[in-house]
Amino acid sequence: GSHDGFIADYLGSAPQTNEVARAAHLLPALLAVAAPMALPIRMMELGASAGLLQNFEKFRYDYGRHFWGDPASPVTLRCEWRGDAHFPVGDLPPIVERGGCDIAPVPITAEDDRKRLQSYVWPDQLQRLERMALAMTIFSEEPAEIVAGNAADFCEERATPRKGVVTTVFHSIALQYFSAADQQRIAGHLQR
């Protein structure tokens, strides 16, 4: 039909999901690890897609019995905190650097780019679509640098320790898509 070229072009790149709700796991991890150190934080994300998790601290979190973040945030993530572990409380130290890499980052500066990112969400998941749109607005106000490239290369080049700063390296359901060799390089670099 008349849209064959558009569809073929669109299918030429892998789907890019950027599920904002995954930040609900990132926040407690950083509160538990980085907050007690009281040092500024560097955020290095592998498989970042559009980078919407880079501004995770601007979201509101509702874990049922525990709340964190600005109640006026346009993005509220709701999930249940389970288990015997205490929820880590406190304030995050300042984030002094944000960045990530993806084999094919999704820019969200243009409306067509935003629509492309949203097209990877099932159309009946209205709450997820709304959450993504609101997170894109937050990201556009304070964008992070998401570079195109190999995750192992990025990790070795950018995710290096710096004195007086907590360097964090994370992914949200991306590691299994990296080659076994890249997974080993990343693990080896982090161990060193």
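These are my notebook entries on backbone angles, aromatic pairs and one helix in a predicted model.

**Entry 1: positive phi**

I looked for residues other than glycine with a positive phi. I know that most residues other than glycine have a negative phi. I noted Ala38, where phi is near 55°. I then asked where Ala38 is found. I placed Ala38 in the loop between helix H2 (23–33) and strand S1 (41–46). I also checked its accessibility: Ala38 has a relative accessible area of 60% and is exposed.

I noted Ile173 as well, with a positive phi of about 60°. Ile173 lies in the loop between strand S7 (166–170) and helix H6 (180–191). Is Ile173 buried or partly exposed? I have Ile173 down as partly exposed, because its relative accessibility is 48% and the partly exposed class ends at 50%.

**Entry 2: aromatic pairs**

I looked up how many aromatic pairs the structure holds. I found six aromatic pairs. I started with Tyr61 and Tyr63, whose rings are stacked, at 6.0 Å centre to centre and 5° between the planes. I then looked at burial for both residues. Tyr61 has a relative accessible area of 0% and is buried. Tyr63 is buried too, at 2% relative accessibility.

I followed Tyr63 to a further partner. Tyr63 and Phe87 form an aromatic pair with 4.8 Å centre to centre and 45° between the planes. I entered the Tyr63 and Phe87 pair as tilted, because 45° falls between the 30 and 60 degree limits. Which parts of the chain does this pair link? Tyr63 sits in the loop between strand S2 (60–62) and strand S3 (67–68). Phe87 sits in the loop between strand S4 (76–78) and strand S5 (95–102). I noted that the two residues are 24 residues apart, so the pair links distant parts of the chain. Phe87 counts as buried, with 7% relative accessibility.

I then asked which residues the ring pairs link into a cluster. I listed Phe59, Tyr61, Tyr63, Trp68, Trp81 and Phe87.

**Entry 3: helix H2**

I went back to H2, the helix before the loop that holds Ala38. Which residues of H2 are buried? I wrote down Ala23, Ala24, Leu26, Leu27, Pro28, Leu30 and Leu31. I then looked up what covers these buried residues, and the cover includes S1, S2, S3, S4 and S7. I marked S1 and S7 in that list, since I had met S1 at the loop of Ala38 and S7 at the loop of Ile173.

Methods. Residues are numbered from 1 along each chain as its sequence is written. This is a predicted model: local features need pLDDT of at least 70, side-chain atom pairs count only at pLDDT 80 or more; totals for chains, interfaces and linings use all residues. Side-chain values use heavy atoms; hydrogens and water are left out. Helices (H or I, at least four residues) and strands (E, at least two) are DSSP runs, numbered from the N terminus. Buried means under 20% relative accessible area, exposed over 50%, partly exposed in between (1.4 Å probe, protein chains only). Rings of Phe, Tyr and Trp (its six-membered ring) pair if their centres lie within 6.5 Å; planes under 30 degrees apart count as stacked, over 60 as edge-to-face and the rest as tilted. Contact means heavy atoms within 4.5 Å.
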